[in-house]
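Let's take a walk through this model together, starting at a helix contact and working outwards. Have the viewer open and follow along.

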Amino acid sequence: MRRILPLLAAAALGTLGGTLAMPQFRAAAIVQLHYDKLDPLWQYSGKVMSCTFCHVGKGGGAPWNPFGQALQKGFASNPRANFSQVLSAVLQANGDADGDGYPDAVEIFARTLPGDPASHPDRPLAEVQAEYDAAGGAAQYAPPKGQGAPKGR
Ligand SMILES: [Ca+2]
């Protein structure tokens, strides 16, 4: 229940602020992956982080692309974890969900789609990886403070 109340409050505020169309996982991911820095009005523009980041269709919903499926597997393997923890764990695992040769976290750093093999950085992996590592690697996508460890551990 403690996790649900803030979400209800956020949903209520979202209604007032005109952000009802922003799904909660998308909003959480935008902040955790620092995509909110791209556009100060990201909550209103709706253009930061497309649905195809995790979904096949531009409108979201089923089916999920390979990166969305990796997150689903993360939830399945750790049912106590919240979205932020699952997202962080998937990125720390350093997988390449779409198999394009660029790890998911490196693609997120480079602002390409981790679930679409047609979308990847146009520079060599070693070059982008070095910038990603210098920026802090997977640690820069850790869950927000207060959401670090799943409850009951
Ligand atoms: Ca990839």
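Ala 70, Leu 71, Gly 74 and Phe 75 in H4 meet Val 86, Leu 87, Ala 89 and Val 90 in H5. Sorted by class, that contact of H4 with H5 has 7 nonpolar residues, 1 polar residue and no charged ones. Keep in mind as you look that this is a predicted model.

How do the two helices sit against each other? Two packed helices are described by the angle between their axes and the distance between the axes. For H4 and H5, the packing angle is about 115° and the axes are 9 Å apart. That makes H4 roughly perpendicular to H5, since the roughly perpendicular range runs from 65 to 115 degrees. The crossing of H4 and H5 is right-handed.

Now stay with H5, which spans residues 83-92. Which of its residues are buried? In H5 they are Ser 84, Val 86, Leu 87, Ser 88, Val 90 and Leu 91. Val 86, Leu 87 and Val 90 thus appear both among the buried residues of H5 and in the contact with H4. The cover over the buried residues of H5 includes H4 (66-77), along with H2 and helix H6 (104-110). After H5 comes Asn 94, with a positive phi near 60°.

From H5 you can step across to H2, which covers residues 24-32 and has Ala 29, Ile 30 and Gln 32 as its buried residues. Here the cover includes H5 again, together with helix H3 at 42-45. So H2 is listed in the cover of H5, and H5 in the cover of H2. Just after H2, His 34 also takes a positive phi, of about 65°.

Further along the chain, look for Ala 130 in helix H7, residues 125-134. Is Ala 130 buried or exposed? Ala 130 counts as exposed because it has 11 C-beta neighbours inside 10 Å, and the cut-off for exposed is 12 or fewer. Its C-alpha atom lies 9.6 Å from that of Val 106, a residue 24 positions away along the chain.

Finally, zoom out to the whole chain. The secondary structure comes to 7 helices and 0 strands, giving the pattern α-α-α-α-α-α-α along the sequence. Of the 153 residues, 27% are buried. Among contacts with a separation of 6 or more, 41% join residues 24 or more positions apart.

Conventions
Residues are numbered from 1 along each chain as its sequence is written. This is a predicted model: local features need pLDDT of at least 70, side-chain atom pairs count only at pLDDT 80 or more; totals for chains, interfaces and linings use all residues. A residue is buried if 20 or more other C-beta atoms lie within 10 Å of its own, exposed if 12 or fewer, and partly exposed in between; C-beta atoms are placed from the backbone. Helices (H or I, at least four residues) and strands (E, at least two) are DSSP runs, numbered from the N terminus. Two residues are in contact if their C-beta atoms, placed from the backbone, lie within 7 Å. Axes are lines fitted to C-alpha atoms, for helices over the stretch in contact, and angles run from 0 to 180 degrees between N-to-C directions. Angles under 35 degrees count as roughly parallel, over 145 as roughly antiparallel, 65 to 115 as roughly perpendicular and the rest as oblique. A crossing is left-handed if the near helix is turned anticlockwise from the far one by less than a right angle, and right-handed if clockwise. Ala, Val, Leu, Ile, Met, Phe, Trp, Tyr, Cys and Pro count as nonpolar, Asp, Glu, Lys and Arg as charged, and the others, Gly among them, as polar.
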